[in-house]
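Okay, thanks for coming, everyone. Let me put the structure up and then talk you through it.

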Amino acid sequence: MNSELIKIFAKNRAEEFPIDVWGEYVLPPNYQSINLFNFDKAVMVEGGRGSGKTMFLRYHCHDTRFSNKRENVAVREVRKIGLYLRPDTHFCSSITEEIYGASWKKIFSKYILINVLREFSSVVNNISQCNFEKSNFPSKSIINLELPRKFNDRMRTNLTYISELGTLSDELLAELNDWVSDPDYFEKPVFPDTRSILKSIIESFRDFSEHTKSTAFTLYIDEYENLTTEQQELINDWIKHGADDLIISSAYKKHANVSRSTSGKESLVLRNDYRKIDLEDFSTNEFKVFAAEILILKLQGCVEESFINEYRKLLCDESLINHRLDNNYSENLLAFANNFLPSISYEDVAKGVFQDKTLEKRLRDFLVKPALHSTKLTPELFIDSRFPVESILNGILLNRPSQSEKYILEKFDELKKSGDNTFYKSYTDVLVGALLWIYISAGRRTIPIYSGFDRICLMARSNMRHFLEFCHQCLVEYKRFSELSETVIPSIPVSIQALAARKNSELEVAKVVELGRWGNNLRFIVNRLGLFFQLLQKRKSQSEPEIVHFGIEVTSVEMLPENIKLLLSELKIWSVLIEYQGDTKRKSHLDFTSYEYMLHPMFSPNFSISFRKIRKHTFSVKDIEIIFCGSEDDFITFCKPYLNKSTSESDFSSAREMQGTLFDEI
Amino acid sequence: MKFENLLEVDRSKLLTIKADIFFFGEPLDDRGKFVVLALQENLSPKKVIVKFDASKMTFTINGASIPLRDFSSYLNKISPENITGQIIVDATTLGVSELLYILRWALRLELKAKIIYAEPKNYPSVFDAPSDYGRHHFNLSSSSVGYRALPGFTRTTSTVKKAHLIALLGFERVRLGQLLQNDEGAFIEAVTPIFGVPSFRPSFDKHSAYQNIDRLVRVSDKPEFCCASNPFETFRKLKFIKKCLPDKVLHIAPIGTKPMAIGACLFILSNLNENVGLMYDHPINSKGRSTGVTKIHLYEVSFA
């Protein structure tokens, strides 16, 4: 394995790839239902941070569709052409009515126009170089396609061809920038109507050939949520009153507060004016296959299995998508991925406790021994390396007031004699919690449960960037410990995966601060939730193990205080929390909102907590206010009762010691 | 633009310094109070308190709400008649946005600006608890308005011809982090970090490195260094970088010390319409963000 491969995995943002993503992009598993070419009206593309929105849009845009990496491109592709626009939202943030008065609309429209003109120039360049199937479509000569008759008059330019618009747009952008910076000093640019200019260019394009006579363009606006509300409304006007020849679609972060209003009284109406697609709307199993597909694409050149190289050809072409639905295909891929990131069963992790003196000591001396009341009983009676799972479960059960030590011993002896473990079967659901307790208690920062392809997919929660960042960290760690061949990809050992999971998680937590303007607050919330769930995880009885999600005692989220609503919304937008619709039946019973929130499982290794959504904790509104906005002292006071439940009182004689314990983990 | 003086001064100098107007902001900590109180006792200049609200793009000047586009004309209106002399600008209490617009106004009127900056004795860390995070984390700002462009000082680029970011770095990881997170490499193709070395105090540079180093991995060019308390050195460093990147649009993010930010403001002002733009996140500064007062700097710049 060479450093090049590490770099390949480090690239996980669309902006790090060329604009032509042909061969670099794996179509998502639900592609047939979200193929943008199947829509004849605006589409709003939603997806979490790192869900692949930009790559998805670019796949549908002309740089990819008319890529010269493709052969025999169907001429019918010129009938629907995607244009890509990612506005410079920093620049656009100042194009507002407050600053420029009523002129802001003209300025913003001109900004859009300039960027779309550049796209038209690229379209003709790309088509002229594209390898189309044999036909009478004169693709090469499109480079000489002339601008509409009145274009030069209206734009105060002197150009002949559409292909010259690229250079023009650079000049126009500089001109606009100069003028908005210093309107008194620079000459005022012209502000022709954006849509009619674009329409005239489309007409020229339609006149070019029989194949383009009904061509429709779609302008995909990325990062739509970062435009101002008024700018979104202006674009919504264009969507509402758009024509068939230029459709405007957009992509934005799921849960972002985007406007559906227009500048008039009307609003955009779902189905009538636009369709909505969710890029992360697929099952866990679909995500696993998708992740395995991306893995083989990234590992190209490093895999010897010939079937993998064959499969790779299927990934980036919608005409081959049916081949990817085959069972054999997905089984082979998953087998490959499971071999790359092998897993360890929880039972084997339990065995590992007995092969590690420190961990075994934690079990014996810190979990079992303090729970024994009878002086006649010794911890050794409850621990036997031949029965690691049951020994660990004994540690937990002994800490439960409802269980008698005599009875447990009886059942354990029965097991040892006859191998009958019926008694333990009903308690196996606490095994993961118990393992976490032992590892946390020993102060271990890497825990083998955070490993294996399946579990990593579960932790990524349908987010490809998380998955790729984990793989990247695995390779970085692997390279630190091993010298490897250039071409063969090995299995990444569980211990390396666990270390990578921890480091990746630490990085993820550290990065939370960067997420939006409330990043500082989000960072504190993540730490506090993580530490709180860790406190619950430290309960010896594991009566409620693996709590990593919560509900709120409020009838509706709308009833929450404004600042909490805002932070909750930010946490969702940035996928720090994942929102679930919980059990709606319970709502009527308890009269609380059924929405539940899970701390994103990629943060779990940092706090040594579970990544599985098993049990819920319910916070009061006051609890949430303390966690989200309270002072450090408030938070420590809030945690204290849970701290006492989870450990013995004597462990923390003062708030200062407790604080040290809490914040050492940050 | 001419850099005339760089001095360390004391309270008595603040009391006697001559000027037509004294611009200052709301003091939030000991050093801010120290400078503002001293200059308020100085009877010579007219006192003008300025605050910029980036969320509304509006100034509050001596209590009056003034839209950004009317800023210069309002200053003209309230200035002593036939102003031709000097102004004092307290950079301890004024933010980057206020400094930029005040200095641009001074530039257009060809005035002389005496810029004051007081260094603090210390910045209290967020936690008492001993942890790496606590040791390098300070409560300097509670939140920010976010990176919002300031009209007159912004350059846009296309995703085809990207910009080069020069980040003057300080104690808050969040500031560079948010900038790069928002951009995702769409408009910025490279980053040159500038650390304030030597720092105000020997240990301070360590915090800047600790806070920003992770974020610079994979995206950054080699770091540059310039004195944390000398705006003229920052100016020269920026000038040198611009010379090395003649065809690039430069985005400058003054998110480090205030003297470095003053240097950045002066550089931007001397390169208006020259492919130099500002990236700024308008932090909402915390009360009591620092303690004590040490050196008081006086930087004199002539726009005449």
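I'll go through confidence, then the two domains of chain B, then the contact between the chains, and end on one salt bridge.

So, first thing to keep in mind: this is a predicted model. Chain A averages a pLDDT of 89, with 93% of the residues scoring at least 70. There is a stretch to be wary of, though: over residues 646-666 of chain A the pLDDT is below 50, and beyond near neighbours in sequence that stretch has 37 contacts in the model. Chain B also averages 89, and there 94% of the residues score at least 70. Which elements of chain B sit at the two ends of the confidence range? Helix H5, residues 132-135, has the lowest mean pLDDT, 50, and helix H9, residues 258-269, has the highest, 97. Residues 128-134 of chain B are below 50, and that stretch has 12 contacts beyond near neighbours in sequence.

Now the domains. The assignment for chain B gives domain 1 as 2-121 plus 290-302, and domain 2 as 132-285. Their C-alpha centres lie 23 Å apart. Contact-wise, 31 residues of domain 1 of chain B meet 29 residues of domain 2 of chain B. Between them they bury about 2500 Å², and carbon and sulfur atoms give 77% of that. On the domain 1 side, B:Phe3, B:Val96 and B:Leu100 supply 26% of the area buried against domain 2, more than any other three residues.

What about polar interactions there? The rule finds 0 salt bridges across the interface of these two domains of chain B, but it does find 8 residue pairs in polar contact, both residues at pLDDT 80 or more. If you want to see which parts of domain 1 touch domain 2, look at strand S1 (2-9), helix H4 (96-108), strand S7 (112-118) and strand S15 (296-302) of chain B, which each supply at least two residues. The largest share, 8 residues, comes from H4(B). By class, this side of domain 1 has 20 nonpolar, 6 polar and 5 charged residues.

Okay, on to the chains. Here 52 residues of chain B are in contact with 52 residues of chain A. The two chains bury about 4300 Å² between them, with 49% of it on carbon and sulfur atoms. How many salt bridges cross this interface? The rule finds 8. One you can zoom in on is A:Asp170 with B:Lys161, where the closest N and O atoms are 3.1 Å apart. There are also 17 residue pairs in polar contact across the interface of chain B and chain A, both at pLDDT 80 or more.

On the chain B side, the elements giving two or more residues are H4, strand S8 (141-144) and helix H6 (173-183). H6(B) gives the most, with 7 residues. The class breakdown for the side of chain B that touches chain A is 18 nonpolar, 20 polar and 14 charged residues.

Last bit. Over all chains, the salt bridge count comes to 57. One of them joins the side chains of A:Glu477 and A:Arg480, at 2.7 Å, N to O. These two are 3 residues apart in helix H22 (residues 464-481) of chain A, so about one helical turn separates them.

That's my tour; happy to rotate the model for anyone who wants another look.

Technical notes:
Residues are numbered from 1 along each chain as its sequence is written. Chains are lettered from A and ligands numbered from 1 in the order in which they are written. Side-chain values use heavy atoms; hydrogens and water are left out. Domain bounds come from an automatic or database domain assignment. Contact means heavy atoms within 4.5 Å. Buried area is the accessible area (1.4 Å probe) that two parts lose on being put together, summed over both. A salt bridge is a side-chain nitrogen of Lys or Arg within 4 Å of a carboxyl oxygen of Asp or Glu. A polar contact is a pair of N or O atoms within 3.5 Å; within protein, one must be able to donate a hydrogen and the other to accept it, and residues adjacent in sequence count only if both atoms are side-chain atoms. Helices (H or I, at least four residues) and strands (E, at least two) are DSSP runs, numbered from the N terminus. Ala, Val, Leu, Ile, Met, Phe, Trp, Tyr, Cys and Pro count as nonpolar, Asp, Glu, Lys and Arg as charged, and the others, Gly among them, as polar. pLDDT is the predictor's confidence in each residue, from 0 to 100.
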